[in-house]
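Student: Could you take me through the empty spaces in this one, with a close look at a single cavity and then whatever surrounds it? Keep it informal, but don't skip the details.

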Amino acid sequence: MEFIKHGLRESATFDRNVISDIQRAAETGIYDIRGWGAKRRLPHFDDLVFLGASMSRYPLEGYREKCATDVWLGTRFAKKPLHIDIPVTIAGMSFGSLSANAKESLGRGASAVGTSTTTGDGGMTQEERGHSKLLVYQYLPSRYGMNPDDLRKADAIEIVLGQGAKPGGGGMLLGQKISDRVAQMRTLPKGIDQRSACRHPDWTGPDDLEIKIQELREITDWEKPIYIKVGASRTFYDVTLAVKAGADVVVVDGMQGGTGATQDVFIEHVGIPTLPAVRQAVEALMELGMHRKVQLIVSGGIRSGADVAKAIAMGADAVSIGTAALIALGCNSPKYQDDYEKIGSAAGFYDDYQAGNDPAGISTQDPELQKRLDPIVGGRKLANYLRVLTMEAQIIARACGKSHLHNLEPEDLAALTIESAAMAGVPLAGTNWIPGSSAKI
Ligand SMILES: Cc1cc2nc3c(=O)[nH]c(=O)nc-3n(C[C@H](O)[C@H](O)[C@H](O)COP(=O)(O)O)c2cc1C
């Protein structure tokens with residue numbers, strides 16, 4: 001306000017954030033690494049609205065009429081597909097980036113509401129296996145902590161090809177978070193920055209991946225569903241190839257997707273937003289005649305039951321959450337405002353997951369900070385949040401006259417902007433216009 005009074009004008013190109021970035025780079029000679037996903041405004045689910053029922057459609061009565069929420073995952077080939085009670089799963093977040101208490105909280109919260117949680121780079125901890133009724137085991141390029149016994153202990157296997165925050169990039173875990181336990185699990189030296197591979201060591205394309213999938217199926221007696229996770233970029237082709245390689249489930253993670261530690265330039269400038277990625281993934285599955293046969297899990301910026309319902313209406317079978325789950329555990333809580341200020345941050349802005357000094361005890365390996373997160377309390381909060389997401393999605397689905405969340409469809413949606421109409425493939429509100437609808441990808 002003061003600036004406006006004096007007629008000062010901030011540059012849109014060189015705003016205060018840009019100036020601070022340039023000066024930080026000039027002082028340190030180091031690029032910025034941080035957690036969270038893209039921070040700039042991108043086309044998102046907020047740009048879509050539901051067309052609730054009135055005369056031409058008939059709504060369901062909230063108190064009397066059922067709206068089911070369960071999902072089967074892995075029905076294509078696996079002998080033991082997963083049956084989850086709600087269409088929201090917990091995304092893979094590594095032990096190392098997260099504390100053992102955080103991993104246990106995620107397992108407890110997910111299990112309380114009948115859904116699955118996922119390991120991450122660096123292997124499986126006893127805490128999360130013990131407290132997760134359904135645990136998906138990530139198989140990553142780094143192979144840190146990978147062993148066949150843990151593959152067999154898992155309920156599903158997720159082959160990670162990429163993440164929405166960094167399609168084409170590998171992982172990083174900075175030295176301050178490589179504790180004795182993390183080092184031992186990853187067979188790495190303690191306290192040394194670690195950068196993990198961006199591609200798998202033993203296959204290079206879909207034909208090889210098909211063989212890898214067969215190998216994983218053999219190891220696990222064809223019981224476990226095999227997921228393939230891709231970061232959103234050339235999503236139509238990537239999903240097509242994942243299905244061709246034999247995936248039971250495809251996970252598509254959009255540009256808004258969170259990370260434990262990645263270069264800021266990567267997070268903000270590589271990949272496409274979740275909205276067009278869902279549409280491309282669904283188009284690929286439909287073209288192959290595999291929609292609903294190979295299940296689609298979507299992640300990247302899911303926050304509310306409205307986001308869940310919109311992703312499902314666009315054709316996803318389920319969604320997955322990372323950042324929102326950490327926030328539910330207490331990440332960025334005003335309770336820790338004084339501590340955030342001491343490390344140069346503030347509640348609502350804290351994204352330095354790489355630093356290992358998280359006041360909320362979540363993205364840290366510090367034994368004292370970790371104690372701030374009680375896994376029983378954390379699990380309870382996450383379960384509450386997951387229940388709210390589900391109830392919110394049900395409220396919307398009933399208003400659209402659906403007795404199962406999966407009955408939501410693109411026809412229930414309208415777009416508020418031309419960009420979102422084109423990206424999501426739904427008409428601009430008040431019109432029947434879908435910009436670019438003749439283009440497939
Ligand atoms: C702290 C943290 C650690 C993560 N670690 C991994 C990982 O080890 N492997 C992986 O595939 N994705 C990892 N991710 C990405 C998540 O699996 C997921 O794709 C992303 O968080 C979804 O977007 P959202 O955070 O907006 O919900 C991580 C994300 C966060 C926030």
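Tutor: Let's start with what counts as a cavity here: a set of grid points where a 1.4 Å probe fits but cannot get out, and a lining residue is one with an atom within 4 Å of such a point. Keep in mind that this is a predicted model.

With that in hand, take the second largest cavity. About 50 Å³ of space lies in it. Its walls are made by Gly120, Asp121, Gly122, Gly123, Tyr137, Gln138, Leu140, Ser142, Arg143, Tyr144, Gly145 and Met146. Sort that lining by character and you get four nonpolar, six polar and two charged residues.

Now for its partner, as the structure holds two cavities of 30 Å³ or more. The largest cavity has about 90 Å³ of space. There, 14 residues do the lining, and those nearest the centre are Thr89, Ala91, Thr118, Glu158 and Ser320. Strands give the walls here: strand 5 (88–90), strand 6 (116–118), strand 11 (226–231) and strand 14 (295–299) each put in two or more residues. By character, the lining of the largest cavity splits into six nonpolar, six polar and two charged residues.

Next, an open space. The second largest pocket has a volume of about 800 Å³. It is lined by 21 residues, with Asn17, Asp21, Asp32, Lys39 and Asp264 closest to its centre. Helix 2 (16–28), strand 1 (33–34) and helix 9 (264–269) each supply at least two lining residues, and the largest share, five residues, comes from helix 2. Charge is well represented in this pocket: eleven of the lining residues are charged, next to five nonpolar and five polar ones.

Lys39 deserves a second glance. Besides being among the residues closest to the centre of that pocket, Lys39 has its charged end over the ring of Trp36, 5.8 Å from the ring centre. A similar kind of contact turns up at Phe95, where Arg181 lies over the face of the ring at 4.8 Å from its centre.

That brings us to rings meeting rings. Pairs are counted when the ring centres lie within 6.5 Å, and by this rule there are three aromatic pairs. Phe236 and Tyr237 have ring centres 5.5 Å apart and planes at 90 degrees, so this pair is edge-to-face. Phe236 is buried, at 9% relative accessible area, while Tyr237 is partly exposed, at 44%. Tyr350 and Tyr353 make a tilted pair, with 6.3 Å from centre to centre and 55 degrees between the planes. Both rings belong to buried residues: Tyr350 has a relative accessible area of 1% and Tyr353 one of 4%. Ring pairs also bring in Tyr340, which joins Tyr350 and Tyr353 in a cluster.

Stepping back to the whole protein, there are 16 helices and 16 strands. The C-alpha atoms fill a box of roughly 70 × 60 × 45 Å along the principal axes. For 441 residues, a compact globule would have a radius of gyration near 22 Å, and the protein agrees with that at 22 Å. Buried residues account for 56% of the 441.

Terms used:
Residues are numbered from 1 along each chain as its sequence is written. This is a predicted model: local features need pLDDT of at least 70, side-chain atom pairs count only at pLDDT 80 or more; totals for chains, interfaces and linings use all residues. Side-chain values use heavy atoms; hydrogens and water are left out. Rings of Phe, Tyr and Trp (its six-membered ring) pair if their centres lie within 6.5 Å; planes under 30 degrees apart count as stacked, over 60 as edge-to-face and the rest as tilted. Buried means under 20% relative accessible area, exposed over 50%, partly exposed in between (1.4 Å probe, protein chains only). A charge sits over a ring if NZ of Lys or CZ of Arg is within 6 Å of the ring centre and within 35 degrees of the ring normal. On a 1 Å grid over the protein atoms alone, a cavity is a set of points where a 1.4 Å probe fits but cannot get out, and a pocket is an open set with protein on both sides within 12 Å along at least five of seven lines; lining residues have an atom within 4 Å of a point. Grid points are joined across faces, edges and corners, and a volume is the space filled by probe spheres set on the points. Helices (H or I, at least four residues) and strands (E, at least two) are DSSP runs, numbered from the N terminus. Ala, Val, Leu, Ile, Met, Phe, Trp, Tyr, Cys and Pro count as nonpolar, Asp, Glu, Lys and Arg as charged, and the others, Gly among them, as polar. The radius of gyration is taken over C-alpha atoms; the globule rule is 2.2 Å times the number of residues to the power 0.38.
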